[in-house]
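I opened a notebook page for this model. My plan was to go from the whole chain down to one element.

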Amino acid sequence: MSTDKRDRIQACLEAEIKRLCAIIKVPPYGVPNFTYLEGPSGCLSVRPDGTLFQGYFERGELLSERETRDCDEFLYWIFVDAASYTAYTRARDRPLGGGPTERELAHQESLLHALNPRWAERRRRERLGGRHEHQDDRPAPEAPSAPAGGDAPA
């Protein structure tokens, strides 16, 4: 892929990121960008072959990375992180009732919904990991055990 084409893709993504950040009021430090940063959005780049890359570094060491050619997928990854950071800072700065994790998750999903309802629904599904929303993390009650002596009730 030519450098001009990569630059155009990056410029379009930067404009969209800036637009979406303004909608959900991402704090300045949390705004994703294509400049190397060890921050909440990770390192973003358009690779020479056109692959979109997101990597997380700490003290110069790559901790995790993701690649895609799908712009919507790339923006989803970026804004799950940006919404999470924004929700965390708001929960920290404006304490309300309820646990911070529940407030943060609910706020993250509402921010994602403001950007793209499909992103909020996908994030909810990923977070629940196949559980239904009404389920919680408590273990299921154990079945009653058979009485001593091995005789089952009639």
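**Contacts, fold, one helix**

I began with contacts in this predicted model. Taking pairs of residues at least 6 apart in sequence, I found that 43% of the contacts join residues at least 24 apart.

Next I looked up the secondary structure. The protein has four helices and three strands. Along the sequence I read the order as α-β-β-β-α-α-α.

Then I turned to burial and surface. The protein has 154 residues, and 32% of them count as buried. The exposed area is about 10000 Å². Carbon and sulfur atoms supply 53% of that area.

I picked helix α4, residues 117-128, for a closer look. Does its length fit its residue count? I put it as: what should twelve residues span at 1.5 Å a residue? The expected span is 16 Å, and the end C-alpha atoms of α4 are 17 Å apart, so the two agree.

Which residues of α4 are buried? I noted Trp119, Ala120, Arg124 and Leu128. These four cover an arc of only 160 degrees around the axis, which means that they sit on the same side of α4. I jotted down the general rule beside this: an α-helix has 3.6 residues a turn, so residues three or four places apart point the same way.

Last, I checked both ends of α4. At the start, a side-chain oxygen of Asn116 comes to within 2.9 Å of the backbone nitrogen of Arg118. After the helix comes Gly129, with a positive phi near 55 degrees.

Terms used: Residues are numbered from 1 along each chain as its sequence is written. This is a predicted model: local features need pLDDT of at least 70, side-chain atom pairs count only at pLDDT 80 or more; totals for chains, interfaces and linings use all residues. Side-chain values use heavy atoms; hydrogens and water are left out. Helices (H or I, at least four residues) and strands (E, at least two) are DSSP runs, numbered from the N terminus. Buried means under 20% relative accessible area, exposed over 50%, partly exposed in between (1.4 Å probe, protein chains only). Contact means heavy atoms within 4.5 Å. Accessible areas come from the Shrake-Rupley method with a 1.4 Å probe; for residues, only the protein chains shown count as cover. The expected span of a helix is 1.5 Å times one less than its number of residues. The arc is that of the directions from the helix axis to the C-beta atoms. A polar contact is a pair of N or O atoms within 3.5 Å; within protein, one must be able to donate a hydrogen and the other to accept it, and residues adjacent in sequence count only if both atoms are side-chain atoms.
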